Amino acid sequence: MTTFDFRRDAMAMTSLERAEAAEHAMSQELDRIVVKSAIYTSGERDPRQPLPPQQSQGKLYMMGHDPRLPLMPEKPTLFDFFKLRFGPSAHVLQSARLARKNGVGEKIVLGCLLHDISAMGFIRGDHGYWGAQLVEPYVDEEVSWAIRHHQVLRFFPDEAYGYKYPDSYIRLFGADYQPEPHIQEAHRRAREHKWYESSRLITVNDLYSFDPNVKVELEEFTDVVGRHFRQPKEGLGFDQSPSAHMWRTINHPTKYL
Ligand SMILES: [Fe+2]
Ligand SMILES: [Fe+2]
């Protein structure tokens, strides 16, 4: 199967077929030299050190699509990113379904659907802030504000909303973990904000553990996304918005420049 076929059939294939196709594409020799950005490797290596010399053998450097990944449509939508670039989305899908079941407004359902997209497909550290920036040009300010602050609010219980400090955070970070001072301050400020509740509702519906037997389809939220996410006609990444470059980086993560 060629890379082109992979694109055409990506939606129709089962996950096993997709995995096999990806493996096949990966095993083919790349005709471009791939360099990972420092941020992908910093920590594993000291970013101040020069990169090991590449054997170029006449090859050019990657300047666009990486054939080890499924090809995105020319005008990618939010759902294309979910299906072709983001990691498993059961957590956000189940959180959005729970939010809807709990009767929150559609904007909060959208916030729940998008709240962890940075951790799923871009950058984990400070994922609330990165995620908010990704979607900021396309959603109401309240939604991006809520996504930005959910990361901070997760560390602080609020009994008024029945929100407890997550047990999973004790397992992940230890019982004595204390958020850094700038997170404490962000929490104090968020408490005073008119949209505090919107962000708090994301944390309330942020499932700690999702049920592997429950399958929620992305299409369950087509209507909410259609009404509250302003999909650019040029496609995410190609619309000159302040975050277009971030979507392009997710689309083409190994581009040299
Ligand atoms: Fe999160
Ligand atoms: Fe989450």
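Is Glu 217 buried, partly exposed or exposed, and at what relative accessibility? Glu 217 counts as partly exposed, at 41% relative accessibility. The legends below describe close-up views of a predicted model.

**View 1. Salt bridge between Lys 215 and Glu 217.** The two side chains meet with an N to O distance of 3.9 Å. This pair counts as a salt bridge because the limit between a side-chain nitrogen of Lys or Arg and a carboxyl oxygen of Asp or Glu is 4 Å. Lys 215 is exposed, with a relative accessible area of 63%, while its partner Glu 217 is partly exposed.

**View 2. The iron ion (ligand 1) and its protein donors.** Asp 116 (OD), His 127 (NE2) and His 150 (NE2) coordinate the iron ion (ligand 1) at 2.1 to 2.2 Å. Along the chain, these donors follow the spacing D-x10-H-x22-H. His 127 belongs to helix H8 (residues 127-135) and His 150 to helix H9 (residues 141-153), so this pair ties together parts that are 23 residues apart in sequence. Both histidines are shown with their burial: His 127 is buried at a relative accessible area of 15%, and His 150 is buried at 1%.

**View 3. The iron ion (ligand 2) and its protein donors.** His 91 (NE2), His 115 (NE2), Asp 116 (OD) and Asp 206 (OD) lie 2.1 to 2.2 Å from the iron ion (ligand 2). The angles among the four donor atoms run from 82 to 169 degrees, and the site is irregular. It cannot count as tetrahedral, because that class requires all angles to lie between 85 and 135 degrees. In sequence, the donors follow the spacing H-x23-H-D-x89-D. His 91 is in helix H5 (residues 90-101), and Asp 206 is in the loop between helix H12 (196-205) and helix H13 (222-228), so the pair ties together parts that are 115 residues apart in sequence. His 91 and Asp 206 are both buried.

**View 4. Asp 116 between the two iron ions.** Asp 116 bridges the iron ion (ligand 1) and the iron ion (ligand 2). The two ions lie 3.7 Å apart. Asp 116 is thus listed among the donors of the iron ion (ligand 1) and also among those of the iron ion (ligand 2).

**View 5. Salt bridge between Asp 206 and Arg 154.** Asp 206, a donor of the iron ion (ligand 2), also meets Arg 154 in a salt bridge with an N to O distance of 3.0 Å. The pair links distant parts of the chain, 52 residues apart: Asp 206 sits in the loop between H12 and H13, and Arg 154 in the loop between H9 and helix H10 (167-173). Asp 206 is buried at 3% relative accessibility, and Arg 154 is buried with a relative accessible area of 7%.

**View 6. Salt bridge between Glu 136 and Arg 148.** The closest N and O atoms of this pair are 3.1 Å apart. Glu 136 lies in the loop between H8 and H9 and Arg 148 in helix H9, twelve residues apart. Glu 136 is partly exposed, with a relative accessible area of 32%, whereas Arg 148 is buried, with a value of 16%.

**View 7. A network of salt bridges.** Arg 100, Glu 106, Asp 223 and Arg 227 are linked in this network. Across the whole structure, a search finds 18 salt bridges.

Notes. Residues numbered from 1 in each chain as written. Chains lettered and ligands numbered in written order. Predicted model: local features only at pLDDT ≥ 70, side-chain atom pairs only at ≥ 80, totals over all residues. Heavy atoms only, no water. Donors = N, O, S within 2.8 Å, 3.2 Å for Na, K, Ca; no water. Helix = DSSP H or I, 4+ residues; strand = E, 2+ residues; numbered from the N terminus. Buried < 20%, exposed > 50% of the residue type's maximum accessible area, 1.4 Å probe, protein only. Tetrahedral: all angles 85-135°; square planar, octahedral: opposite > 155°, others 65-115°.
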